[in-house]
Amino acid sequence: MAWAVGVDLGGTNVRAAQVDEAGTVGSVLSEPLDPGRSARDARPFAQLIDMIASLIEKAAGDRPVGIGIGATGPVDPARGVISNPDTLPDAYQGAVTQPLTAAFGVPAWLENDADAAALGEAWAGAGAGAGVLACLTIGTGIGVGVIRDGQIFRGTGGSHPEPGHHVVDPGGPACYCGALGCVESLASAAAVLREAQATGTLAEGASAADVFDAAGRVPALGRIVDRARAALCTAVLNLVAMHAPDLVVLTGNGHGDLAAVAEQARQQLRGYRFAPPGVQVRESALGGMAGCVGAARLAFTSGPGHD
Ligand SMILES: [Zn+2]
């Protein structure tokens, strides 16, 4: 069966997978982002090229039909260019599709990682069959992708809207996006950890996961987690108000208990007059693989890649 490479390029890890045209995942490679290695190697995006070469080797010479990359943005899908100095090192900036096409002789595509995750869930995950799907990825930051009839919902000039930065509490913390109290500033793993550190109850080197673990025992941390969860539920309600989706999917490892967020959001929607009848809130079916699956989908459905 035809297969494509799906790459999920995040701020700390990069994952590459074989994905066939039915959306089934085969071999998966995952590595910490290695800016040092790429800086030593003259080839642009050397780490990605080496990982993709390993995947192709595992396929015993069966060539992929193309390569899709979902990268933490801002990215320019139309030109295949990453320009994200906030969360990616220097070696991961610039034209990425061109060197991959040159290395492997197949077309390549680039999308924002939240859009790629949403596309993956809509195609082969929790959202299969949904006409309109909104997918919230909760990690170090918060990304949202919206899929309508299999297509990524875009802004002007093909841009990626950033509902992860819509304001849910105008009196909330300042965010690098320029707003006060956006979803990311209240509910991302980074925000929860920052707030928790300010309480003085955390051990040195504690992570956001430690905050969620301790929330039931330490009231100050419990309040921070409750506030983050409330912000996420408000975000779900607002996405329902704005997009009238069939389904909202929650994914990512940046919140301790996604099932609890989903349940609280469902309860909130029951009292909301403008929720479409039957609208659902579900956890991801693909987990950490949604980005790779959605990126690979680009190779099966998109027009000509970049070369
Ligand atoms: Zn923000």
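Me: How should I read accessibility here: is Asp149 buried or exposed?
Reply: Use the cut-offs: buried means under 20% relative accessible area, exposed over 50%, partly exposed in between, with a 1.4 Å probe and protein chains only. Asp149 counts as exposed because its relative accessibility is 67%. This is a predicted model: local features need pLDDT of at least 70, side-chain atom pairs count only at pLDDT 80 or more, and totals for chains, interfaces and linings use all residues. Residues are numbered from 1 along each chain as its sequence is written, and side-chain values use heavy atoms, leaving out hydrogens and water.

Me: Where is Asp149 placed?
Reply: First the convention: helices (H or I, at least four residues) and strands (E, at least two) are DSSP runs, numbered from the N terminus. Asp149 belongs to the loop between strand 10 and strand 11.

Me: What is the sign of phi at Asp149?
Reply: Most residues other than glycine have a negative phi, and most peptide bonds are trans. Asp149 has a positive phi of about 50°, yet it is not a glycine. Ala244, also not a glycine, has a positive phi of about 45°. Ala244 sits in the loop between helix 8 and strand 12. At 46% relative accessibility, Ala244 counts as partly exposed.

Me: Which omega does the peptide bond from Gly73 to Pro74 have?
Reply: Omega is near 10°, and the bond is cis. Pro74 lies in the loop between strand 4 (67-71) and strand 5 (75-76).

Me: Next, the metal. Which residues coordinate the zinc ion?
Reply: Donors are N, O and S atoms within 2.8 Å of the metal (3.2 Å for Na, K and Ca); water is not among the atoms, so sites may look incomplete. Here the zinc ion has His165 (ND1), Cys175 (SG), Cys177 (SG) and Cys182 (SG), at 2.0 to 2.4 Å. Along the chain, the donors follow the spacing H-x9-C-x1-C-x4-C. His165 and Cys175 are 10 residues apart, and each lies in the loop between strand 11 (151-152) and helix 5 (183-187). Both His165 and Cys175 are buried.

Me: What is the geometry of the zinc site?
Reply: Four donors count as tetrahedral if all angles lie between 85 and 135 degrees; four count as square planar and six as octahedral if opposite donors are over 155 degrees apart and all others between 65 and 115; anything else is irregular. The zinc site has angles of 102 to 125° among its four donor atoms and is tetrahedral.

Me: Now the sheets. In what order do strands 11, 10, 9, 12 and 13 stand?
Reply: Two strands pair if DSSP finds at least two bridges between them. These five strands form an open sheet, ordered 11-10-9-12-13, with mixed pairing. Strand 11 and strand 13 (280-283) are at the edges with a single partner strand each, so one side of each has no neighbour in the sheet. Strand 10 (142-148) meets strand 11 over two bridges, antiparallel. Arg148 is opposite Gln151 in strand 11.

Me: Which strands does helix 4 lie across?
Reply: Two conventions apply. Contact means heavy atoms within 4.5 Å. Axes are lines fitted to C-alpha atoms, for helices over the stretch in contact, and angles run from 0 to 180 degrees between N-to-C directions. Helix 4 (113-124) lies across strand 9 (132-138), strand 10, strand 11 and strand 12 (247-251), at about 45° to strand 10. Helix 8 (219-243) lies across strands 9, 10, 12 and 13, at about 155° to strand 9.

Me: What is the order of the other open sheet of five strands?
Reply: The order is 3-2-1-4-8, again with mixed pairing. Strand 3 (25-32) and strand 8 are its edges, each with a single partner strand, so one side of each lacks a neighbour in the sheet. Neighbouring strands are turned by 15° against each other on average, direction ignored. Helix 2 (46-58) packs on this sheet and touches strands 1, 2, 3 and 4, at about 150° to strand 3.

Me: How many bridges join strand 1 to strand 2?
Reply: Seven, and the two strands run antiparallel. A hairpin of three residues connects them. Leu9 stands opposite Val14 in strand 2. Strand 1 runs parallel to strand 4, joined by five bridges. Six of the seven residues of strand 1 (3-9) are buried.
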